[in-house]
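Biologist: I should like to learn how to read a structural model, one feature after another. May we begin with a single residue and then widen the view?

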Amino acid sequence: CTLRPKRELTMNAKEKIEKLTNAWYGFDLFSSVVSFVFVSGIGIFSGIFSALGLAVSLLITWWIGRNLQRKSGLQRTVLLVFSTLFMLLGLFNIGHTLWAAEWSLSIFGYAAWSGVSVYMYAKSINVLTDKEVRAHFA
């Protein structure tokens, strides 16, 4: 048994932004798989379009993450506005879907995917309003 030094639990602003960007990469992949399997159906054309959609999503995520790393205050502000808006719309969508739609497995899956997207937007708001991250953009 070897003793390892305790890892520092605090992260600096760049590490927090990088972790958030990596979480969005995972969400992009998750959304692409959900779209391919449950929405489009498994097929050649849906596979091609899902792959293209994934490539575009990953490119946009990379671009936003790079701009945040480079201290783009405008990018941070735009992301805060849109993350808040999409989080609220996602919450409304979940409520509307579960209340108004007839229950089925696909409706439940859609509501669950919406819940994951709301979580990602809330996580983005949390990171972008963090004290150290705000100081990164000052």
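**Reading the model step by step**

Modeller: Let us start in a loop: lysine 71 is found between helix 2 and helix 3. Please keep in mind that this is a predicted model.

Biologist: What is the value of phi of lysine 71?

Modeller: Phi of lysine 71 is near 65°, which is a positive value in a residue other than glycine.

Biologist: Is lysine 71 buried, partly exposed or exposed?

Modeller: The classes rest on relative accessible area: under 20% is buried, over 50% is exposed, and the range in between is partly exposed. Lysine 71 has a relative accessible area of 47%, so this residue is partly exposed.

Biologist: How do arginine 66 and glycine 65 fit into these classes?

Modeller: Both can be placed with the cut-offs just given. Arginine 66 lies in helix 2 and is partly exposed, because its relative accessible area is 29%. Glycine 65 is also found in helix 2, but glycine 65 counts as buried because its relative accessibility is 5%.

Biologist: Which residues does glycine 65 touch, when residues up to four places away in sequence are not counted?

Modeller: A contact means that heavy atoms lie within 4.5 Å. Glycine 65 touches Ile17 and Thr21. One may also read the pair from the other side: threonine 21, whose place is in helix 1, touches Thr61 and Gly65, again leaving out residues up to four places away in sequence. Threonine 21 counts as buried, because its relative accessibility is 11%.

Biologist: How far apart in space are arginine 66 and glutamate 18, C-alpha to C-alpha?

Modeller: Sequence and space have to be read separately. Arginine 66 and glutamate 18 are 48 residues apart in sequence, and their C-alpha atoms are 8.9 Å apart in space. For glycine 65 and leucine 128, the separation is 63 residues in sequence and 12 Å from C-alpha to C-alpha.

Biologist: What share of the contacts in the chain between residues at least 6 apart in sequence joins residues at least 24 apart?

Modeller: The share is 72%.

Biologist: How many helices and strands does the chain have?

Modeller: The chain has five helices and zero strands, and its pattern along the sequence is α-α-α-α-α.

Biologist: How does one describe the overall extent of the chain?

Modeller: One may use the spans and the radius of gyration. The C-alpha trace spans about 50 × 40 × 35 Å along its principal axes. The radius of gyration of the chain is 18 Å, whereas a compact globule of 138 residues would have one near 14 Å. Of the 138 residues, 29% count as buried. The accessible surface comes to about 9,800 Å², and carbon and sulfur atoms account for 70% of that surface.

Biologist: How is empty space found, and how much of it lies in the largest pocket?

Modeller: Rolling a probe the size of a water molecule over the atoms shows where empty space is left. Here the largest pocket holds about 1,100 Å³ of space. Its lining has 44 residues, and the closest to the centre are Trp24, Phe27, Ser31, Trp113 and Ser117. Helix 1 (13-40), helix 2 (44-69), helix 3 (73-100) and helix 4 (105-128) are the elements that give two or more residues to this lining.

Biologist: Which helix gives the most to the lining of the largest pocket?

Modeller: Helix 1 gives the most, with 13 residues. By type, the lining residues divide into 24 nonpolar, 19 polar and one charged.

Technical notes:
Residues are numbered from 1 along each chain as its sequence is written. This is a predicted model: local features need pLDDT of at least 70, side-chain atom pairs count only at pLDDT 80 or more; totals for chains, interfaces and linings use all residues. Side-chain values use heavy atoms; hydrogens and water are left out. On a 1 Å grid over the protein atoms alone, a cavity is a set of points where a 1.4 Å probe fits but cannot get out, and a pocket is an open set with protein on both sides within 12 Å along at least five of seven lines; lining residues have an atom within 4 Å of a point. Grid points are joined across faces, edges and corners, and a volume is the space filled by probe spheres set on the points. Helices (H or I, at least four residues) and strands (E, at least two) are DSSP runs, numbered from the N terminus. Ala, Val, Leu, Ile, Met, Phe, Trp, Tyr, Cys and Pro count as nonpolar, Asp, Glu, Lys and Arg as charged, and the others, Gly among them, as polar. The radius of gyration is taken over C-alpha atoms; the globule rule is 2.2 Å times the number of residues to the power 0.38. Buried means under 20% relative accessible area, exposed over 50%, partly exposed in between (1.4 Å probe, protein chains only). Accessible areas come from the Shrake-Rupley method with a 1.4 Å probe; for residues, only the protein chains shown count as cover.
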